[in-house]
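Hi,

Here is the structure I said I'd pass on. Have a look at it first, and my notes follow underneath.

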Amino acid sequence: MYKTNSSVKQLFYFLAISSVSFVALTLSSCGDSSSTPTVAKPGNWSQVASFSGTGRSGASSLVIDGKAYVGGGLDEEGRRLKDWWQFDPIKNGWVKKADFPGAARSAAVAFVISGKGYVGTGIGATSNRLKDFWEFDPAGNSGVGTWRQVKDFGDPLTETGRFGCIAFAVNNRGFVGAGSTSSSTSTNDLWEYIPTTDTWAQRTSVAFKRVNASVMTIGNFAYVLGGTQLTVRNVEQYDPSTDTWTQKLPLNQRDEEGNKIDQPTTRESASTFTIEGFGYLVGGVQTSGGSVLSDVWQYNSTTDRWVQYYSINNAFGGVARDGAVGFGIGNFGYVTTGRNGNFRLDDTVKFDPNGVPIK
């Protein structure tokens with residue numbers, strides 16, 4: 001099993017430090033008379049307590065009362081997992097909680113409603129697609145947490161299970177949709193879980209079918225981007241209050257007038273978090289070429305524009321990765337676990353958007 005040992009870190013950091021100056025120069029030289037100039041934003045990545053479980057990719061995560069919970073996923077030996085861990089940013093440490101009681105899985109999704117977490121779907125030990133859903137109460141069993149099964153996801157007559165879905169909570173309402181329903185089929189449907197009746201209600205579908213897409217929740221809206229289904233460049237905003245989707249500026253490096261602008265490339269299995277009213281997109285796998293990414297982008301939902309920050313693998317940060325989990329707590333973002341090539345990672349890195357990189 002892979003642990004991010006010091007020799008591997010030193011190699012990644014040597015390469016990362018060498019690339020920081022190059023990135024800075026590239027950012028500062030972007031733009032011409034027909035381009036929108038890039039404003040380089042450094043930010044600071046730093047190492048915090050490593051994830052205490054086995055290195056993995058495709059885990060699930062959620063945040064309740066200022067603490068993050070991470071579990072499940074796929075380890076380096078191809079085993080799907082069901083352990084569940086809590087990260088406390090104040091204590092800078094991980095504590096094991098009650099194991100997820102359903103089948104071990106990766107590529108599941110999670111969201112939070114009224115202080116309780118909901119985890120479900122995913123891909124099981126025999127590559128079977130799952131549709132069961134479970135509620136997690138972090139206060140149960142003297143703080144170890146308790147689980148109880150709730151209604152299976154989606155339409156009880158037609159749903160056969162899926163993985164790589166989108167999931168989000170906005171204004172205390174939880175939603176799940178899209179994903180892969182078979183080896184050759186993806187979908188774009190959207191469902192809302194209603195805990196008071198333990199039911200799922202279908203809502204307006206996302207415009208584009210997506211698997212392993214990313215979601216950012218900012219204010220009263222959710223933003224969906226990326227994923228695989230050919231190359232999905234569209235960014236879609238969902239308003240739960242009206243059950244409507246709005247197309248935002250697509251990821252084609254051009255503004256409405258056709259001028260060149262800086263945006264993230266299309267990708268899947270990227271991490272996201274929201275802090276201080278901005279969404280952040282980190283890493284993932286490039287949909288054309290399959291390169292593992294380390295770039296970091298801030299999304300301003302008011303202006304519908306992106307600004308690039310220094311990559312996650314700058315000095316004393318982390319390494320490029322996909323299949324990691326991201327979460328925001330307070331004014332800081334965090335990324336943990338994930339995959340880089342054949343390595344499954346167990347490090348945790350913290351992002352301060354207002355910080356200055358350590359050199």
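Asp-83 counts as buried because its relative accessible area is 14%, under the 20% cut-off. Keep in mind that this is a predicted model. As for where Asp-83 sits, that is strand E4, which covers residues 80–88.

What does the side chain of Asp-83 make a polar contact with? The partner is the side chain of Trp-85, at 2.9 Å. Leaving aside neighbours within four places in sequence, Asp-83 also touches several other residues: Gly-53 and Arg-56, then Val-70, Gly-71 and Gly-72, and finally Lys-96 and Asp-99. If you want a C-alpha distance to check in your viewer, try Asp-83 to Phe-100: the two are 6.1 Å apart in space, with their positions 17 residues apart in sequence.

The other thing I looked at is a sheet further along the chain. It is open, has four strands in the order E10-E11-E12-E13, and its pairing is antiparallel. Strands E10 (166–170) and E13 (199–203) form the edges, each pairing on one side only. On average, neighbouring strands here are turned by 30 degrees against each other, ignoring direction.

How many bridges join strand E12 to E13? There are five, with E12 spanning residues 185–194 and the two strands running antiparallel. One bridge to pick out by eye is that of Tyr-193, whose partner in E13 is Trp-200.

That's what I have for now.

Cheers

Key:
Residues are numbered from 1 along each chain as its sequence is written. This is a predicted model: local features need pLDDT of at least 70, side-chain atom pairs count only at pLDDT 80 or more; totals for chains, interfaces and linings use all residues. Side-chain values use heavy atoms; hydrogens and water are left out. Two strands pair if DSSP finds at least two bridges between them. Axes are lines fitted to C-alpha atoms, for helices over the stretch in contact, and angles run from 0 to 180 degrees between N-to-C directions. Buried means under 20% relative accessible area, exposed over 50%, partly exposed in between (1.4 Å probe, protein chains only). Contact means heavy atoms within 4.5 Å. A polar contact is a pair of N or O atoms within 3.5 Å; within protein, one must be able to donate a hydrogen and the other to accept it, and residues adjacent in sequence count only if both atoms are side-chain atoms.
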